[in-house]
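Here's a quick look at where the empty space sits in this protein and what surrounds it. Have the viewer open while you read.

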Amino acid sequence: MLLEVKGVVKRFGGLVAVDDVSFDVDKGEIVGLIGPNGAGKTTLFNVISGFYKPNKGKVIFKGIDVTGKRPYEMARLGLGRTFQIVKPLMGLTVAENVAIGAMIKYPDASEALRKALEVLEFTGLYDKRFALARTLNLAEKKRLELSRALAMEPDLMLLDEVIAGLNPTEVDMVLDLLKEVNRKGITILMVEHVMRAVMNISQRIVVLHHGQKIAEGTPEEVANDPKVIEAYLGREEL
Ligand SMILES: Nc1ncnc2c1ncn2[C@@H]1O[C@H](COP(=O)(O)OP(=O)(O)OP(=O)(O)O)[C@@H](O)[C@H]1O
Ligand SMILES: [Mg+2]
């Protein structure tokens, strides 16, 4: 098992944002993590990637108990992530932003830049390599975010809404890219509200609601689960 989340609880004061959640991700899988707004998806990502320490429970990555490890240590161990709120270093170029991600694996600046350019070619942003990050549109910023995570050469990528806000053509481009990333051997755990996308790409889906795991299974099983339908009732996502 590549990732094991065991009984994780994360509280903010009186609010239980993640409430005793357990699930596994096997090497090579693409797993979707879905749930209505405020379900606790981003908080769970923050616990897995070391930004938050859980109040209870454990995170096991590659068989190692990594609970409470710092984000930098998690990156070193092979965990890449993107952020829901895209925040590249706006005053740096696209290539520089990606090279910073690459420095986790390639401390030498010229090596990091070489890796960055290789990734940008793969993600289709090579032509924008000299552009300042602030000049990119939303779709390009999301691809930059993906590029930064890929440049760390992770074994597991946590993707937080890399598709939301894109037009249908851009959605298909990112889905193709993610399938290619997965074929290269990178395991993916993705949070996504765009159901068509997450249902299309995921082998397995975990559903959170009010911090709790309410369902887990194939896209079809989850889409037909009464508890999931109930959680999304009155919302347009499903
Ligand atoms: N730093 C924080 N301090 C206090 N409360 C927080 C904090 N971060 C998240 N929360 C609360 O925890 C709950 C879960 O939030 P979270 O961002 O994890 O949800 P989400 O599933 O990612 O939602 P969305 O789909 O809208 O991104 C929400 O009620 C949110 O208001
Ligand atoms: Mg979120």
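What follows is a short rundown of two pockets.

Keep in mind that this is a predicted model. The largest pocket holds about 380 Å³ of space, and the second largest comes in at about 150 Å³. If you're wondering how such spots get found, rolling a probe the size of a water molecule over the atoms shows where empty space is left.

**Largest pocket: who lines it**

- There's about 380 Å³ to work with here, and 19 residues make up the lining.
- Phe51, Ala75, Arg81, Phe83 and Met152 are the lining residues closest to the centre of this pocket.
- Helix H2 (71-77), strand S6 (79-81), helix H3 (94-102) and helix H5 (138-150) are the elements that each put two or more residues into the lining.
- H2 is the top contributor to the largest pocket, giving 4 residues.

**Largest pocket: character and location**

- Sorted by class, the lining has 11 nonpolar residues, plus 4 polar and 4 charged ones.
- Both domain 1 (1-78 + 154-238) and domain 2 (85-153) chip in, with at least three lining residues from each.

**Second largest pocket**

- The lining here is Lys115, Glu118, Val119, Phe122, Leu150, Glu153, Lys184 and Ile186.
- Helix H4 (residues 109-123) gives the most to this lining, with 4 residues.
- By class, the second largest pocket is lined by 4 nonpolar and 4 charged residues, with no polar ones.

Methods. Residues are numbered from 1 along each chain as its sequence is written. Chains are lettered from A and ligands numbered from 1 in the order in which they are written. This is a predicted model: local features need pLDDT of at least 70, side-chain atom pairs count only at pLDDT 80 or more; totals for chains, interfaces and linings use all residues. Side-chain values use heavy atoms; hydrogens and water are left out. On a 1 Å grid over the protein atoms alone, a cavity is a set of points where a 1.4 Å probe fits but cannot get out, and a pocket is an open set with protein on both sides within 12 Å along at least five of seven lines; lining residues have an atom within 4 Å of a point. Grid points are joined across faces, edges and corners, and a volume is the space filled by probe spheres set on the points. Ala, Val, Leu, Ile, Met, Phe, Trp, Tyr, Cys and Pro count as nonpolar, Asp, Glu, Lys and Arg as charged, and the others, Gly among them, as polar. Domain bounds come from an automatic or database domain assignment.
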